[in-house]
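Subject: Structure handover

Hello,

Here is the structure we talked about. Please open it first, then read the notes below.

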Amino acid sequence: MTGAAAIEQRAALWLVRRENIDWSPADQAEFEAWLEQSMAHKAAYWRLEHGWREADRIGSLGLAQNEAVTSRRNGMSFWRPLAIAASFVVALMAGIDQVLIWPSSAVTPQHFETTVGVRKIVPLVDGSRVELNTASAVRTAVNDKVREVWLDKGEAYFEIAHRDGLPFVVHAGSRTVTVLGTKFSVRRDGDKVTVSVVEGRVRVDDAIQPDSVPAAIITAGDVAVARGSSTLLAGKSEDRVVSSLGWRNGILNFSDTTLVDAAAEFNRYNAKKIRIGDDETGAIRIGGTFQVSNVDGFVRLLHEAYGLKIEDSDKGVTISS
């Protein structure tokens, strides 16, 4: 059994135990100690608890019946088979990014998102700010006891207000980024997570296997690229960090970038898509600074500089040799 699977199984056991009528203060203390051991413990339990609540809600609507469940209101113990919890573990691990996870502290959750080509600045109640890039979405849970954000898709730039003893945690796929006060960005591309630090220091943890994968500590000018259980650290990359944040000013910066990758970047910001007609064209490397919304200007320069063919249609622009 993997470390992640063992954590999920333990979370399921805790969930069932807490529904027993003989749950004691000692049990509660042991449970809270287990939660505090790792953010992965908290995440696993919150996921499972949310799924359990959703099942109760569906059952109350008459969409599910479970005669084995008896009500505490009648003075009887409230019990469900462990198999139900195990089924939640399987389902929730399969859809980890789609489950709403909220901390146990009382907080009103908020959701913010942007459409293609739109950016948004979100001020948080603790004085921090989140700047969302194109086609991005975050969920926030911030008050005087907890500061957590889930980057569900896209990219966001964070300016975090310092709070003694109260870290700010960003969840992005299989990674958690923990800070006290700093400026950094997080980007998600499928299972790839990129963290770029402008100021201060952050810790990047593997949320799935926290005990087997060492945390990466990155400081100003560093870039960490994580995928699966691997994290690559590019230290002293100040120019790359600045370049990657050009979107905050409506700019894309390319340096020795393949045309296929440059086109993919433009496509993040525009409804009018760029298509590469052949591999030879896609392998061309370019550099320069471009406005994110100026697709026509970009392809016109490619035609003038490389003699590439440009086919403009309602479906987008196709570039070929």
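Start with helix H6. Eight of its eleven residues are buried, so H6 is largely enclosed by the rest of the structure. The buried ones are Leu259, Ala262, Ala263, Glu265, Phe266, Asn267, Arg268 and Tyr269. A general point helps when you look at a helix. An α-helix has 3.6 residues a turn, so residues three or four places apart point the same way.

One caution before going further: this is a predicted model.

**Overall picture**

The protein has 321 residues, and 44% of them count as buried. Its secondary structure consists of eight helices and 18 strands. Take the contacts with a separation of 6 or more: 51% of them join residues 24 or more positions apart. The accessible surface is about 16,500 Å². Carbon and sulfur atoms account for 52% of that surface.

**The largest pocket**

H6 also helps to line the largest pocket. The space in this pocket is about 810 Å³. Its lining has 28 residues, and those closest to the centre are Arg187, Arg240, Ser244, Asn253 and Glu265. Note that Glu265 is also one of the buried residues of H6.

Which elements give two or more residues to this lining? They are strand E8 (183-189), strand E9 (192-199), strand E12 (223-227), helix H5 (238-244), strand E14 (251-258) and helix H6 (259-269). E14 gives the most, with seven residues. By class, the lining has ten nonpolar, nine polar and nine charged residues.

**Cavities**

The count of cavities of 30 Å³ or more comes to two. The second largest has a volume of about 30 Å³. Its lining is made up of Ile121, Arg129, Val130, Glu131, Tyr157, Phe158, Glu159 and Arg248. Strands E3 (129-132) and E5 each give two or more of these residues. Four lining residues are nonpolar, four are charged and none is polar.

**Nonpolar cores**

The largest nonpolar core has 27 residues. Phe158, Phe168, Val177, Phe184, Val186, Val195 and Val202 have the most contacts inside it. Strand E5 (residues 147-159) gives the largest share, four residues. Phe158 deserves a second look, as it also lines the second largest cavity.

Val202 is a good residue to click on. Beyond its neighbours within four places in sequence, Val202 is in contact with Val177, Thr178, Val179, Thr182, Phe184, Val195, Val197, Ala216, Ile217 and Ile218.

There is also a second, separate core, with 25 residues. Val225, Tyr269, Val299 and Ile319 are among them. Tyr269 is again one of the buried residues of H6.

**Two buried residues, Val204 and Ala224**

Val204 lies in strand E10 (residues 201-206). Is Val204 buried or exposed? Its relative accessibility is 4%, so Val204 counts as buried. Outside the four places on either side in sequence, Val204 is in contact with Arg175, Thr176, Val177, Val195, Ala215, Ala216 and Ile218.

Ala224 sits in strand E12. Its relative accessibility is 2%, so Ala224 is buried too. With residues up to four places away in sequence left out, Ala224 touches Val193, Thr194, Val195, Ile218, Thr231 and Leu232.

How far apart are the C-alpha atoms of Ala224 and Val204? They are separated by 8.3 Å, with the two positions 20 residues apart along the chain counted as their spacing. From Val204 to Ala226, 22 residues apart along the chain, the C-alpha separation is 9.1 Å.

**A loop residue**

Asp191 is in the loop between E8 and E9. Not counting residues up to four places away in sequence, Asp191 touches Ala226, Arg227 and Gly228. The C-alpha atoms of Asp191 and Ala172 are 9.2 Å apart, and the two residues are 19 apart along the chain.

**Two positive phi values**

Most residues other than glycine have a negative phi. Two residues to look at here are Ala135 and Asp256, each with a positive phi.

- Ala135 has a phi near 45°. Its place is the loop between E3 and strand E4 (137-142). Ala135 is partly exposed, with a relative accessible area of 26%.
- Asp256 has a phi of about 55°. Asp256 is found in strand E14. Its relative accessible area is 54%, so Asp256 is exposed.

Best wishes

Definitions and conventions. Residues numbered from 1 in each chain as written. Predicted model: local features only at pLDDT ≥ 70, side-chain atom pairs only at ≥ 80, totals over all residues. Heavy atoms only, no water. 1 Å grid on protein atoms, 1.4 Å probe; cavity = no way out; pocket = protein on both sides within 12 Å on 5 of 7 lines; lining within 4 Å. Points joined across faces, edges and corners; volume = space filled by probe spheres on them. Nonpolar A, V, L, I, M, F, W, Y, C, P; charged D, E, K, R; others polar. Core = buried A, V, L, I, M, F, W, Y, C linked by side-chain atoms within 4.5 Å. Buried < 20%, exposed > 50% of the residue type's maximum accessible area, 1.4 Å probe, protein only. Contact = heavy atoms within 4.5 Å. Areas by Shrake-Rupley, 256 points an atom, 1.4 Å probe, with all protein chains shown as cover.
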